[in-house]
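User: I would like to learn why certain words are used when a protein structure is described, and how each word can be checked against a value. Could you take me through some examples?

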Amino acid sequence: MPRTEQMIAQGLTLVDAINEALYQEMERDSRVVCLGEDVGLNGGVFRVTEGLQKVFGLERVIDTPLSESGIMGSAIGLAMAGMRPIPEIQFEGFLGPAYDQLVNHAARYRTRSRGAVTVPMVVRVPVGGGIHAPELHSDSPEAIYAHTPGLKVLMPSTPYDAKGMLLSAIRDPDPVVFFEPKRVYRSYRQEVPEGDYTIPIGQAKVVAEGRDLTLVTWGASVHQCNDALDTLPEDVSVELIDLRTIAPLDVDTIIQSVEKTGRCVIVHEAPKTAGFGAEIATTIQEYCFLHLKAPVQRVAGFDTIMPYYKLEQEYLPDAKRVSEAVMQCLAY
Amino acid sequence: MPLKTAYQAKVEYLQIMDENGVVDEKLAKDAMGDQDILELYQYMIKCRVLDETAFKLQRSKRMGTYPQNKGQEAAAIGAGFSLKRGTDFLVPCYRENAALWMHGLPMHYIFLHWMGDERGNQIPKGVCQLPLCIPIGTQMLHATGIAWAFKMRKEPRVAMTFFGDGATSEGDFHEAMNFASAFQIPCIFFCQNNQWAISVPREQQMNSATVAQKALAYDMPCIQVDGNDLLAVHKASRDFVERARSGGGPAFIEAVTYRLADHTTADDARRYRDSDEVEAWVGKDPIIRLRKYLTAKNLWNDAKQAALDEAAKQNATEVVRAAEGIERPAIADIFDYTYAELPRELALQKQTMRTSSLGQRPEQAGLSAPGVSANHE
Ligand SMILES: Cc1ncc(C[n+]2csc(CCOP(=O)(O)OP(=O)(O)O)c2C)c(N)n1
Ligand SMILES: [Mg+2]
């Protein structure tokens with residue numbers, strides 16, 4: 001939606017930036033439609049689609065029945081038939097009922113039809129914990145979808161990246177799962193260009209340059225890692241990489257950094273076992289084994305069910321756990 | 001040549017007590033009696049006060065997101081009252097507190113749940129119900145399975161599952177209905193049609209004239225009842241429950257009611273619905289009509305109401321005390337219930353509260369290698 005005075009004065013939140021990308025792309029491309037539960041009149045439960053139905057009408061911003069499989073499956077059909085659907089799944093936990101459509105259909109059509117049938121759509125999904133939400137409103141399932149060939153998996157951590165990455169995702173010829181970290185939705189504001197710009201899919205960002213250790217993360221954890229950097233001794237120089245795209249992985253940015261630093265700590269909210277950190281650690285030893293001065297470390301969620309909110313802070317990797325792992329890895 | 005009729009069906013609607021507390025004597029013949037009505041009215045007030053209490057706790061940040069039950073108490077109570085405690089199984093969604101309490105759940109458990117504490121789901125032994133279900137439309141299959149087990153073991157027990165109008169759009173709902181029907185499972189499907197699924201009105205959720213008619217596709221007996229009429233809800237529930245208990249198979253009840261409050265405390269319903277509509281339903285509040293009825297019958301008066309209000313407040317205070325008085329959950333609880341037995345790697349995570357390995361085996365790091373421990377006493 002057009003910018004408010006507050007946005008002009010203070011910048012955009014993650015919610016504002018995603019809303020702006022949707023608004024601008026819907027204006028530019030009449031094939032784009034948003035569909036999902038409560039995305040229309042109510043503007044989505046996080047207000048990400050706020051105002052869009054008023055501008056683009058009931059036929060392009062669609063309140064669907066309460067059915068994730070229905071949303072995902074019919075979005076696949078819309079995409080095949082030449083539309084550019086942007087289905088929203090209200091919370092990551094509710095990808096469950098849509099799993100079959102997303103994984104067994106959206107991801108596979110290009111391959112199984114040898115390119116004859118394709119599914120260009122962007123599945124928007126709020127993700128992650130830390131907002132005192134009920135059960136299944138706080139999970140981090142990105143590795144499941146990164147493990148699904150045919151899907152691209154994105155997770156911006158800043159308003160600036162979110163807008164550019166979403167515009168790329170909508171223009172991408174393949175299905176993209178666009179995870180939006182809830183904890184960041186309204187946590188801060190940032191300058192975001194008003195015009196059209198894209199951030200290529202598959203490109204990580206070096207948030208801070210450093211010599212001694214590479215810290216790799218994505219989503220809301222980028223902010224915990226930034227906090228951790230502030231607590232480290234002056235003479236410790238850490239390179240912080242925000243993956244931004246989880247699949248396809250930007251191998252180059254990671255190995256260039258680890259070749260330089262020789263040490264790496266990976267941070268994610270999802271459980272450790274078979275989390276995406278495992279893939280990164282393996283990639284590092286495959287590409288830069290001889291550069292390593294210490295074993296690659298993972299600071300992740302525990303291998304448990306994400307607890308209800310009384311214990312969620314104990315579960316989530318925080319700045320303290322990150323900085324301890326960094327110091328230990330440096331001391332190895 | 002005129003085509004033959006392949007199938008024909010209808011959906012009946014039952015209301016026994018109208019908005020003014022006036023009862024249709026003919027329909028009321030085998031409905032619940034005045035003593036039950038009196039008791040359940042008082043219980044309903046207690047539930048309403050607890051609901052308001054939970055709302056206030058959320059507003060003062062003493063509770064997380066909470067979905068109010070306000071206005072739907074007759075549906076929950078009428079249905080819950082038709083079940084045998086300790087025998088029949090209740091599989092809830094999250095907007096039927098009164099039924100759960102009536103079926104034996106200590107009241108503060110619901111509060112604990114919304115206070116972000118899994119102990120609110122730790123159903124005491126002997127209480128036949130499952131914890132609240134957050135993912136919409138998924139739990140009906142569990143009710144179907146539970147009731148199926150009763151049938152397999154030839155136990156005279158039934159399961160009842162609650163869900164909303166929105167939930168009937170999920171595939172699992174239809175799969176549960178089909179299983180229950182195909183295998184003639186003693187499961188009662190109880191839909192609280194409160195007209196809204198967050199911001200989506202029922203007419204937009206589906207193009208069907210009633211929710212109940214969905215059962216016809218599965219050849220399941222069904223009825224639409226005035227969900228704010230305690231007598232109608234109870235009569236329909238009781239009849240179907242007893243029918244199922246004696247081998248008659250599943251049934252479907254659509255209780256037409258209304259969500260008087262916001263969807264949850266995180267919602268603002270003014271964004272999507274007219275206050276006129278809400279106002280119209282305020283007059284149909286199940287509490288109002290019961291009070292009118294009881295007053296007309298000389299079973300109730302202002303003094304009794306004042307005493308009840310006081311008792312309900314007192315009860316709410318005790319429930320809050322129980323929920324807030326509990327000690328903080330142990331961090332170990334994050335780990336200990338993942339499996340019956342804690343695997344080694346998880347035991348290590350629990351012991352160290354970290355997932356980084358220090359580049360060493362635990363023994364090398366001076367930690368005792370954690371043994372395998374069970375979480376059951
Ligand atoms: C599978 C799933 N999808 C989406 C949600 C988010 N959500 C929570 S409640 C709700 C609406 C439920 O409507 P209804 O079934 O009518 O029950 P009511 O809340 O009206 O009691 C939605 C969409 C969810 N909890 N689970
Ligand atoms: Mg509803």
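User: What makes B:Asp165, B:Asn194 and B:Trp196 protein donors of the magnesium ion (ligand 2)?

Analyst: In this predicted model, B:Asp165 (OD), B:Asn194 (OD1) and B:Trp196 (O) lie 2.0 to 2.1 Å from the magnesium ion. A donor is an N, O or S atom within 2.8 Å of the metal (3.2 Å for Na, K and Ca), and because water is not among the atoms, a site may look incomplete. The distances of 2.0 to 2.1 Å are within 2.8 Å, so these atoms count as donors. Along the chain, the donors follow the spacing D-x28-N-x1-W. B:Asp165 sits in the loop between β3 (159–164) and α6 (171–182) of chain B, whereas B:Trp196 is in strand β5 (residues 196–197), and 31 residues separate the two. Such helices (H or I, at least four residues) and strands (E, at least two) are DSSP runs, numbered from the N terminus.

Residues are numbered from 1 along each chain as its sequence is written, while chains are lettered from A and ligands numbered from 1 in the order in which they are written. As this is a predicted model, local features need pLDDT of at least 70 and side-chain atom pairs count only at pLDDT 80 or more, while totals for chains, interfaces and linings use all residues; side-chain values use heavy atoms, with hydrogens and water left out.

User: Why is B:Trp196 called buried?

Analyst: The relative accessible area of B:Trp196 is 7%. Buried means under 20%, exposed over 50% and partly exposed in between (1.4 Å probe, protein chains only), so B:Trp196, at 7%, is buried. B:Tyr272 also counts as buried, at 7% relative accessibility.

User: Why is the pair of B:Trp196 and B:Tyr272 named by its angle as it is?

Analyst: A pair of aromatic rings is described by the distance of the centres and the angle of the planes. Rings of Phe, Tyr and Trp (its six-membered ring) pair if their centres lie within 6.5 Å, and planes under 30 degrees apart count as stacked, over 60 as edge-to-face and the rest as tilted. The centres of B:Trp196 and B:Tyr272 are 5.5 Å apart and their planes are at 45°, so the pair is tilted. This pair links distant parts of the chain, since B:Tyr272 is in the loop between β8 (251–256) and α9 (275–282) of chain B, 76 residues apart from B:Trp196.

User: How many aromatic pairs are there over all chains, and what makes A:Tyr145 and A:Phe179 a pair?

Analyst: A search of the whole structure finds 22 aromatic pairs. The ring centres of A:Tyr145 and A:Phe179 are 6.3 Å apart, with planes at 50°, so this pair is also tilted. A:Tyr145 belongs to helix α7 (residues 142–146) and A:Phe179 to strand β6 (residues 176–181) of chain A, so the pair ties together parts that are 34 residues apart in sequence. Both A:Tyr145 and A:Phe179 are buried.

User: Why is the site of ligand 1 said to be shared between chains?

Analyst: The site is shared because residues from chains A and B surround ligand 1. A residue is near a molecule if one of its heavy atoms lies within 4 Å of it, and 20 residues surround ligand 1, with A:Glu68 and B:Tyr94 among the closest.

User: What makes the approach of A:Glu68 to ligand 1 a polar contact?

Analyst: A polar contact is a pair of N or O atoms within 3.5 Å; within protein, one must be able to donate a hydrogen and the other to accept it, and residues adjacent in sequence count only if both atoms are side-chain atoms. A nitrogen atom of ligand 1 is 2.5 Å from an N or O atom in the side chain of A:Glu68, so the pair meets the limit of 3.5 Å. A polar side-chain atom of B:Tyr94 lies 2.7 Å from an oxygen atom of the ligand, and a polar backbone atom of B:Gly166 is 2.8 Å from an oxygen atom of ligand 1.

User: Which word suits B:Ala149, buried or partly exposed?

Analyst: B:Ala149, found in helix α5 (residues 140–152) of chain B, has a relative accessible area of 22%, so the word is partly exposed. By contrast, B:Arg259 is in the loop between β8 and α9 of chain B and counts as buried, at 1% relative accessibility.
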